[in-house]
Amino acid sequence: MPELTSLPVSASQDDIAEIMERDGAMILTGAMDDALLARVDAETQPLMAKSATGNDAFTGHNTTRTGALVARSPACREAVMNPVVLAAANRFLAPYCDRIQLHLTQLIRLLPGQGKQLLHRDRLAWGGYLPDIEPQFNTIWALTPFTAHNGATQVVPGSQKWDPQREAKPQEVCQAVMPRGSVLLYTGSVIHGGGENASTTPRIGMNITYCLGWLRTEENQYLSCPPDVARTLDADLQELLGYTMGSYALGYFSPPQPSPDIPDTAPPELALGRLPRAAPTAKKIAEKAGGDVGSFVPVAGGQSGLRG
Ligand SMILES: O=C(O)CCC(=O)C(=O)O
Ligand SMILES: [Fe+2]
């Protein structure tokens, strides 16, 4: 049986990068302290109580899914912005983009009786159109313990390097067994799926995922966290949501009504009532965290500034 490597959250970025490259998944323990866990619980329990179960086998007839966690929960924002995870995500995706963005936020609550989810790769969200690059870096935060019995995520270590057609044999699948407060890191290409919850209590995971800044995101962040909410957030989080230029030309807007104050190729920050900052690219963020991103050369002009 394969096993996932589990390290304390104090692990070095070099070690995390090496294991993610080798296995496509790993666990960091102690990533969320008791005080933050308590706040996340208090803010998310009422949301989950109102969430419906899935209406197909993949989303799970005995599973609730709850999104818009940035807009709805200040405590969840802290998990989204966890510096260790963000540094690892930036370093991992830096070869393929100027900046990363938030792909989705989703509480996945497996209720008792939920069966195993179909094994899959999350990158399939984009179909098969990105064969040669890694588009995605994912997390599942354990808000309850994850056990073999309650549906700990199934993972196939190393499968991110497999031929896309190859299927996992049962003996190649392990589970992300981890204490509450840990976080499973996994790539967009590694085979995984929810486990079976054969216990009598829910298994709650908080899926927070990041992707290349030039891709469409699974959760539409501009609708889940529209400008009137986004303008109250920290600039780093605003940018991660996509309220910034993705590169020289990506992501400008024109005001719906012509405006003397906002040009027709305006950077998104203007919709939040502020000017763009000098934007840290994925490469710069990774370097700041001590990571070596190899020969990545950023495309010129990460900020368009005010054009037009
Ligand atoms: O809940 C889990 O453990 C994994 C869920 C998952 O992989 C998915 O819904 O894409
Ligand atoms: Fe998945």
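The main sheet here is open and has seven strands, in the order 1-2-8-5-10-4-3, with mixed pairing. Two strands count as paired if DSSP finds at least two bridges between them. Helices (H or I, at least four residues) and strands (E, at least two) are DSSP runs, numbered from the N terminus. As general background, strands of a sheet pair through backbone hydrogen bonds, either parallel or antiparallel.

Strand 1 (6-8) and strand 3 (63-66) stand at the edges with a single partner strand each, so one side of each has no neighbour in the sheet. From one strand to the next, the twist averages 25°. Angles run from 0 to 180 degrees between N-to-C directions, and axes are lines fitted to C-alpha atoms, for helices over the stretch in contact.

A caution before I go on. This is a predicted model, where local features need pLDDT of at least 70 and side-chain atom pairs count only at pLDDT 80 or more, while totals for chains, interfaces and linings use all residues. Residues are numbered from 1 along each chain as its sequence is written, and chains are lettered from A and ligands numbered from 1 in the order in which they are written.

pLDDT is the predictor's confidence in each residue, from 0 to 100. The chain average is 92, and 90% of the residues score at least 70. Over residues 293-308 it stays under 50, and the model has 42 contacts there beyond four places in sequence. A contact means two C-beta atoms, placed from the backbone, within 7 Å.

Back to the edge of the sheet. Strand 3 runs antiparallel to strand 4 (residues 100-110), joined by four bridges. Arg65 has Ile108 of strand 4 as its bridge partner.

Ile108 also appears around ligand 1, together with Gln117, Asp122, Ile140, Thr153, His192, Gly193, Gly194 and Gly205. The criterion is a C-beta atom, placed from the backbone, within 6 Å of the molecule. By class, the shell has two nonpolar, six polar and one charged residue. Ala, Val, Leu, Ile, Met, Phe, Trp, Tyr, Cys and Pro count as nonpolar, Asp, Glu, Lys and Arg as charged, and the others, Gly among them, as polar.

His192 leads to the second sheet: it stands opposite Val155, in strand 9. That sheet is open, three strands in the order 7-6-9, antiparallel. Strand 7 (174-175) and strand 9 (192-193) are its edges, each with a single partner strand, so one side of each lacks a neighbour in the sheet. Two bridges pair strand 6 (residues 154-155) with strand 9.
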